[in-house]
Amino acid sequence: MPSVYIKTYGCQMNERDSEAVAAQLVAKGYSLAASEHVADVVLLNTCSVRDFAEQKAIGKMQNIAAEVRKNRPNVVLGFMGCMAQSRGQELIDRLPDVDLVIGTQKFHRTADYLDEILNGKRDKIVDVAAEQGSEATIREHILNGKAQKSVSAFVSIMQGCNQYCTFCIVPYTRGEERSRRIDDIVAECRELVARGVKEITLLGQIVTSFGKREKRDEWQAARDTGVPSLVTRHSSQVSPFVQLLEAVHEIEGLERIRFTSPHPKGYGDDLVEAYARLPKLVESAHLPVQSGSDRVLKLMHRGYTRERFLGIVEKLRRAQPNIGITTDIIVGFPGETEDDFEQTLSLAREVQFDNAYIFKYSQRKDTPAADMPDQVPQKVREERNQRLLKTVNEIGKRKYETFVGRQTQILVEGPSRKNAARMAGRTRCGKIVVFDGSERHRGQLMDVKITRAGSFTLYGDPAIVNL
Ligand code: 5AD
């Protein structure tokens, strides 16, 4: 059977989609190749959020094609994911070496399409159609890819986004919000826990909207038919997302629950209260703020003001004083003035984020912001990026230093990425802790004493507390 190499660009959702495709191919008998240089099938799972990510994947495919076509003409080359969805056939027109283009609702068809190409039945395949029910097709896992058990797993709970932020391509690449059923998600989580997983991260483009569309549809059906639906009969004060958290929380043997990405406006009292009520829900929140200026937030169609955002942060910190809060910020959105940008700087100082991912605004095809007046010059975007980065890094450094001398619980995930001789775990608030340990620590919840803080990394010593 052939071997496959999948390279993933972009977010955790993409990581998860790639894992599911790899697992489906392994189930069909494929082996996983160590690199594109030895694989029979090379798939790039792409990201469209910024132009840079698209150009990287296109450049990579050009390099692979040039190398592979010289020596191994039969290697199958494919694009999957968001850029495949938004560009479709255009990718083959531009890169004729590409055999396969698979959109975001068709990951589960990868094995069939590869079969057809490898057997010579079809030459090129492009499938970027919508498919009903595709949100429930990302469910297979590779838990021991490196012959080691995974401690932490991602579970996809929904696809798509209906928020339509004016800068964002995601509603066009991922489609309308569609949620999986709670019982289906819980069954997948249970299976993972039975296979040794201790921590589950629930994934979606806008997880706080989980189940909202389905709930509304059920309400409507109940009203139209007069038959009370499951939802109306058990009408609950808590949102479907919190109901999902509660259901996953009940799984015995599961230690920690995380989720990403939420939308700040989804932090109603029910979710804030869940942090205090559900001990497995860790003290960590990724709250993408995007800007500190009300004027820009409105142009972005974010659906909250600076004040409301600050209120959410305050509520969360009241419920969980040690909560780790990270964010995403865009600099240089069309029309962003120096004054708007300074409001973002001041918001970053006011909130004191544990970490912030900063993005220079990138014009995306067919999004409203791409045609807005007063696009900010590249040089100004770069300069604001540097200034904000400096502020965010200083704050992060101080925050990390406050951990030195403290004792904290970590879940050990495996060898440190930077230094395989050491082990790494994560605090409940989401910070990486590197320590001298061994494979036997993998999967353990351990107390460590923090001895040093580096750049967005903590260093700890378990010996001091576990004498
Ligand atoms: N330009 C720059 N950054 C973007 N993001 C989304 N769309 C764009 C864009 N057009 C950023 C947002 C989002 C993160 C995943 O990517 O900050 O939260």
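Trainee: Which residues are around the ligand?
Mentor: The model is a predicted one. In this model the residues around the ligand are V49, R50, F167, Q290, D328, I330, F359, K360, Y361, S362 and R364.

Trainee: How do the residues of that shell divide into nonpolar, polar and charged?
Mentor: The shell includes F167 and I330 as well as D328 and K360. Its residues divide into five nonpolar, two polar and four charged.

Trainee: Which elements give two or more residues to the shell around the ligand?
Mentor: D328 and I330 are among the shell residues, as are F359 and K360. The elements that give two or more residues are strand 13 (324-331) and strand 14 (355-360).

Trainee: Which residue has a side-chain N or O atom 2.7 Å from an oxygen atom of the ligand?
Mentor: Backbone N or O atoms serve for F167, at 3.0 Å from a ligand nitrogen atom, and for S362, at 2.8 Å from a ligand nitrogen atom. The side-chain atom at 2.7 Å from a ligand oxygen atom belongs to D328.

Trainee: How much of the ligand's exposed area does the protein bury?
Mentor: Taken alone, the ligand exposes 400 Å². Of that area, the protein buries 85%.

Trainee: In which sense do strand 15 and strand 18 pair?
Mentor: Strand 15 covers residues 407-415 and strand 18 covers residues 445-454. T408 stands opposite V448 of strand 18. Over five bridges, the sense of the pairing is antiparallel.

Trainee: Which residue in strand 16 is the bridge partner of I410?
Mentor: Strand 15 also pairs with strand 16 (residues 423-427), in the antiparallel sense over five bridges. In strand 16, I410 has as its bridge partner T427.

Conventions:
Residues numbered from 1 in each chain as written. Predicted model: local features only at pLDDT ≥ 70, side-chain atom pairs only at ≥ 80, totals over all residues. Heavy atoms only, no water. Near = heavy atom within 4 Å. Polar contact = N/O pair within 3.5 Å; in protein donor to acceptor, adjacent residues only side chain to side chain. Areas by Shrake-Rupley, 256 points an atom, 1.4 Å probe, with all protein chains shown as cover. Helix = DSSP H or I, 4+ residues; strand = E, 2+ residues; numbered from the N terminus. Nonpolar A, V, L, I, M, F, W, Y, C, P; charged D, E, K, R; others polar. Pairing = 2+ DSSP bridges.
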